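Please find below some notes on one helix of this model, its packing partner and its cysteines. The points are numbered for reply.

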Amino acid sequence: MSLIDAASAVRKNAYVPYSKFKVGAALRTKSGALFAGCNVENVAYPEGTCAEAGAIAAMVAGGETEIAEIAVIADSPMPLTPCGGCRQKIFEFAVPGAVIILATVNGDQKTMAVADLLPGAFVKAHMDKA
Ligand code: THU
């Protein structure tokens, strides 16, 4: 199954009573395993948990930590780009050269390199004097 197809399939399970905006994400790890996640909202935190964060949580729960490729899909006028918090999460787990595929349900698609996702990212080395 392609990553876009997996992201599109899991998107249907998104739990979005507040925003009504369904997002699906699927990632492939360096080992070739596929993990998926959708956004999940709740009354205390109506912004909920992003689809990308869900896919990353599934990956970590599955014992893997290296993202080779991640796809995100939504029904938006232009391909949605990951929010700030998700950029940090993707950045931290992505292998060098990882690809981010951003898609709409209408077939628009663009790709981003992980290096372009979060310029000037906060990294572990910033804490080297701690
Ligand atoms: N959302 C995602 O799942 N991924 C993003 O990158 C941006 C936003 C979700 C969170 C919330 O459920 C809804 O979209 C509106 O913010």
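1. In this predicted model, G84 and E92 of α3 are exposed. They lie on the other side of the helix from C86, R87 and I90, which are buried. Seen down the axis of α3, the buried residues fall within an arc of 105°, so they line one face of the helix.

2. Which elements cover that buried face? Among those that cover the buried residues of α3 are α2, β3 (67-74), β4 (94-104), β5 (109-113) and α4 (114-117).

3. The packing of α2 (residues 51-61) on α3 (residues 84-93) can be given by two values: an angle of about 30° and an axis separation of 9 Å. The crossing of α2 past α3 is left-handed.

4. On the α2 side, the contact is made by E52, A53, I56, M59 and V60; on the α3 side, C86, K89, I90 and F93 take part. By class, these residues comprise 7 nonpolar, no polar and 2 charged. C86 and I90 thus appear in two lists: they meet α2, and they are among the buried residues of α3.

5. How many disulfides are there in the whole structure? A search finds 0. The sulfur of C83 has its closest cysteine sulfur in C86, at 3.7 Å, which is too far for a bond, because a disulfide requires sulfur atoms within 2.5 Å.

6. The two cysteines can also be described by accessibility. C83 is partly exposed, with a relative accessible area of 36%, whereas C86 is buried, at 2%.

Technical notes. Residues are numbered from 1 along each chain as its sequence is written. This is a predicted model: local features need pLDDT of at least 70, side-chain atom pairs count only at pLDDT 80 or more; totals for chains, interfaces and linings use all residues. Side-chain values use heavy atoms; hydrogens and water are left out. Axes are lines fitted to C-alpha atoms, for helices over the stretch in contact, and angles run from 0 to 180 degrees between N-to-C directions. Helices (H or I, at least four residues) and strands (E, at least two) are DSSP runs, numbered from the N terminus. A crossing is left-handed if the near helix is turned anticlockwise from the far one by less than a right angle, and right-handed if clockwise. Contact means heavy atoms within 4.5 Å. Ala, Val, Leu, Ile, Met, Phe, Trp, Tyr, Cys and Pro count as nonpolar, Asp, Glu, Lys and Arg as charged, and the others, Gly among them, as polar. Buried means under 20% relative accessible area, exposed over 50%, partly exposed in between (1.4 Å probe, protein chains only). The arc is that of the directions from the helix axis to the C-beta atoms.
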